[in-house]
Amino acid sequence: MDRQAVEELNADLAEFTEDVFAYLAYAGQRGYGQQYLRGLMLDGRRKSVEPMAERLGISRQNLGHFVAQSPWDYREVMRRVAARAHRVLRPSAWLIDDHPFVRYGHGTAGAIVQHCGERDQHLCQVAVSVHAVSRRGSSPLHWRLFLPQSWAEDRARCAKAGVPPQIAHRTKQRIALDLLDELDQWDLAPPLVVADSDYGTNVAFRTGLSARGIRWLLAVTGHTVVRDRHRSPGHRLGAQAPQHHR
């Protein structure tokens, strides 16, 4: 998006930032929050502070201070953005999935060679995401970086990459349940949770959804065994039913 296109969105961008950054104590913080979003929207591959400040024509030091040192809570921003997205989309379901981010440096927190979408096997980070979906479109409500076991066991490597010491390895399914719990604390509830077989075949995940009173529709593999109330325990249902709807 070029500068002119961003300028045409100024009124909408101002309203958006006044809302999501409203809790920030200082006008300067709110102003640089808006500039940071403008920088992310502008053309340019590099989205780090220095090239964005150059494209925006503002102080690199001031923008860097807002990003790296300014005392503001990202969770409040995410809560406000999630509430706006949910209100606009009026979702019919929440989709839980893995989202890969291509990386080129092995020192990037959580980056390992793994499945990375269309690139197949590639160095990338993976975040577990919860998306609101409807006929109007989709938008992430919440997400969190997945920290592989190999990273969690190497605390020196974690410290060098800036991973907080209290962060440990958690399965993707456990992260997804944590995200749902946090969204519940933000007064957002899913009409239905859908996910692929990486989540659908995980008993703890299915049990966790049911324990929370969440309706779900999850894909399973053809080898998954489910129990039929009207047949003997352990009866195997064939692959003709690739989804389990509860």
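Here are legends for an overview and several close-up views of this predicted model.

**Figure 1. The whole protein, before we zoom in.** Start with the full chain: the protein has 246 residues, and 36% of them count as buried. Its secondary structure adds up to 11 helices and 7 strands. Draw a box along the principal axes and the C-alpha atoms fill roughly 70 × 40 × 30 Å. If you look at contacts with a separation of 6 or more, 56% of them link residues 24 or more positions apart.

**Figure 2. Where helix α2 meets helix α3.** This view takes in α2, residues 10-20, and α3, residues 27-41. Their axes sit 10 Å apart and the helices pack at an angle of about 130°, so α2 and α3 are oblique to each other. The crossing is right-handed. On the α2 side, look for Asn 10, Leu 13, Ala 14, Phe 16 and Thr 17; on the α3 side, the contact uses Gln 34, Leu 37, Arg 38 and Met 41. Sorted by class, this contact has 5 nonpolar residues, 3 polar ones and 1 charged one.

**Figure 3. A closer look at helix α3.** Stay with α3 for a moment: it has 15 residues and reaches 22 Å from first C-alpha to last, close to the 21 Å expected at 1.5 Å a residue. Which residues of α3 are buried? They are Gln 29, Gly 33, Leu 37, Arg 38 and Gly 39. Two of these names, Leu 37 and Arg 38, also turn up in the contact with α2. The cover over the buried residues of α3 includes α1 (3-8), α2, α4 (49-56) and α5 (60-68).

**Figure 4. Helix α4 crossing helix α5.** Here are two of the helices that help cover α3. The axes of α4 and α5 come within 9 Å and cross at roughly 130°, which means α4 is oblique to α5. This crossing is right-handed. Val 49, Glu 50, Met 52 and Ala 53 of α4 touch the α5 side, where Arg 60, Leu 63, Gly 64 and Val 67 take part. The contact divides into 5 nonpolar, 1 polar and 2 charged residues.

**Figure 5. Helix α6 and what covers it.** Helix α6 runs over residues 74-89, 16 in number, and its first and last C-alpha atoms lie 22 Å apart, close to the 22 Å expected at 1.5 Å a residue. Its buried residues are Glu 76, Val 77, Met 78, Arg 80, Ala 82, Arg 84, Ala 85, His 86 and Leu 89. Both helices and strands do the covering: α2 and α9 (172-185) are among them, along with β1 (93-102), β3 (121-134) and β4 (137-145).

**Figure 6. Arg 90, just past the end of α6.** Follow the chain out of α6 and you come to Arg 90, in the loop between α6 and β1. What is its phi? The value is about 45°, positive even though Arg 90 is not a glycine. Most residues other than glycine have a negative phi. Is Arg 90 buried or exposed? Its relative accessibility is 54%, over the 50% cut-off, so Arg 90 counts as exposed.

**Figure 7. Asp 120, in another loop.** Our last stop is the loop between β2 (112-115) and β3, where Asp 120 lies. Asp 120 has a positive phi too, near 60°, and is a residue other than glycine. With a relative accessible area of 45%, Asp 120 is partly exposed.

How values were computed
Residues numbered from 1 in each chain as written. Predicted model: local features only at pLDDT ≥ 70, side-chain atom pairs only at ≥ 80, totals over all residues. Heavy atoms only, no water. Axes fitted to C-alpha atoms, helices over the stretch in contact; angles between N-to-C directions. Helix = DSSP H or I, 4+ residues; strand = E, 2+ residues; numbered from the N terminus. Parallel < 35°, antiparallel > 145°, perpendicular 65-115°, else oblique. Left-handed = near helix turned anticlockwise from the far one by under 90°. Contact = heavy atoms within 4.5 Å. Nonpolar A, V, L, I, M, F, W, Y, C, P; charged D, E, K, R; others polar. Expected span 1.5 Å × (residues − 1). Buried < 20%, exposed > 50% of the residue type's maximum accessible area, 1.4 Å probe, protein only.
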